[in-house]
Amino acid sequence: MVVDIISAVPDLLNSPFSHSIMARAGDRNLLKVNVINLRTYGLGKHRQIDDYQYGGGAGMVMMAEPLDNCINDLKSQHDYDEVIFMTPDGELHNQKLANKLSLKDRIMVICGHYKGIDERIREHHVTMEISIGDYVLSGGELAAAVLVDSIGRLIPGVLNDESSALSDSFQDDLLAPPVYTRPADYKGWKVPEILLSGNDKLIEEWRMNESVKRTKERRPDLSEE
Ligand code: 6GU
């Protein structure tokens, strides 16, 4: 899968994909993330990308022309399954959407800044608008990093133990059960006996029980659907 991210602050996106699972996805050629600097498409000698909004009001808006030129340039080189705009008024991101997007070959992700982007880009280029939660970030970059991380780890071969994505929280509308590692007794804080029993069937049942209990207590909304 290839993700092309358009950003006015590309430096914000250097680190998230260079570590751990995301780095392995890159090393294995399963996920390639390209960050395109919108400034390259800026207008005039100052490479302008934003301007005052019509109708007045505080805050700059990202101009249509640099974005249109950048998007058309990318579209002339590749076909895209989706052109996604990261915005707090988009569809709320969740595991189901991550699963769906992990099946795509190539997506474009546009990061907004300031008061947002000229609406005409949303009308004429954008196919999906995604928010990562009901709070406001300074720009779309951190949201894009969250989106791409959640998608990348679902691509087959990215995780070492394939089954571990399946047992993640949310994968079946259940939160994950508690986990423990050695020692079995730390300062008198004990690991549940059953996990030391070697009885796979009982351990599986215990984990399912804990998942259901945790989901009911913490996220009753998940089981109501
Ligand atoms: Cl996608 N962008 C911004 N700027 N803020 C957000 C967001 C996105 N999702 C939640 N808050």
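Which residue in β2 does Ser 7 stand opposite?

## A parallel pair of strands

In this predicted model, the residue of β2 that stands opposite Ser 7 is Asn 37. The two strands concerned are β1, which covers residues 2–7, and β2, which covers residues 32–37; they run parallel and are joined by six bridges. Between β1 and β2 the chain passes through helix α1, made of residues 20–27, and the β-α-β crossover that results is right-handed.

## The shell around the ligand

The ligand is surrounded by Met 86, Thr 87 and Pro 88, by the run Ile 130, Ser 131, Ile 132 and Gly 133, and by Tyr 135, Leu 137, Gly 139 and Ala 143. Sorted by class, this shell holds seven nonpolar residues and four polar ones, while charged residues are absent from the shell.

## Polar contacts and cover

Nitrogen atoms of the ligand come close to polar atoms of the protein at several residues, and in the case of Ser 131 the partner is an N or O atom of the side chain, at 3.4 Å. At Ile 132 the partner is instead a backbone N or O atom, which lies 3.0 Å from a ligand nitrogen, and at Leu 137 a polar backbone atom is likewise 3.0 Å from a nitrogen atom of the ligand. On its own the ligand has 290 Å² of accessible area, and the protein covers 96% of that area.

Two elements, β5 (82–92) and β7 (128–131), each give two or more residues to the shell around the ligand. Of the shell, the largest share comes from β5, which supplies three residues.

Definitions and conventions:
Residues are numbered from 1 along each chain as its sequence is written. This is a predicted model: local features need pLDDT of at least 70, side-chain atom pairs count only at pLDDT 80 or more; totals for chains, interfaces and linings use all residues. Side-chain values use heavy atoms; hydrogens and water are left out. Two strands pair if DSSP finds at least two bridges between them. Helices (H or I, at least four residues) and strands (E, at least two) are DSSP runs, numbered from the N terminus. A crossover is right-handed if, with the strands pointing away from the viewer, the path from the first strand over the helix to the second runs clockwise. A residue is near a molecule or strand if one of its heavy atoms lies within 4 Å of it. A polar contact is a pair of N or O atoms within 3.5 Å; within protein, one must be able to donate a hydrogen and the other to accept it, and residues adjacent in sequence count only if both atoms are side-chain atoms. Accessible areas come from the Shrake-Rupley method with a 1.4 Å probe; for residues, only the protein chains shown count as cover. Ala, Val, Leu, Ile, Met, Phe, Trp, Tyr, Cys and Pro count as nonpolar, Asp, Glu, Lys and Arg as charged, and the others, Gly among them, as polar.
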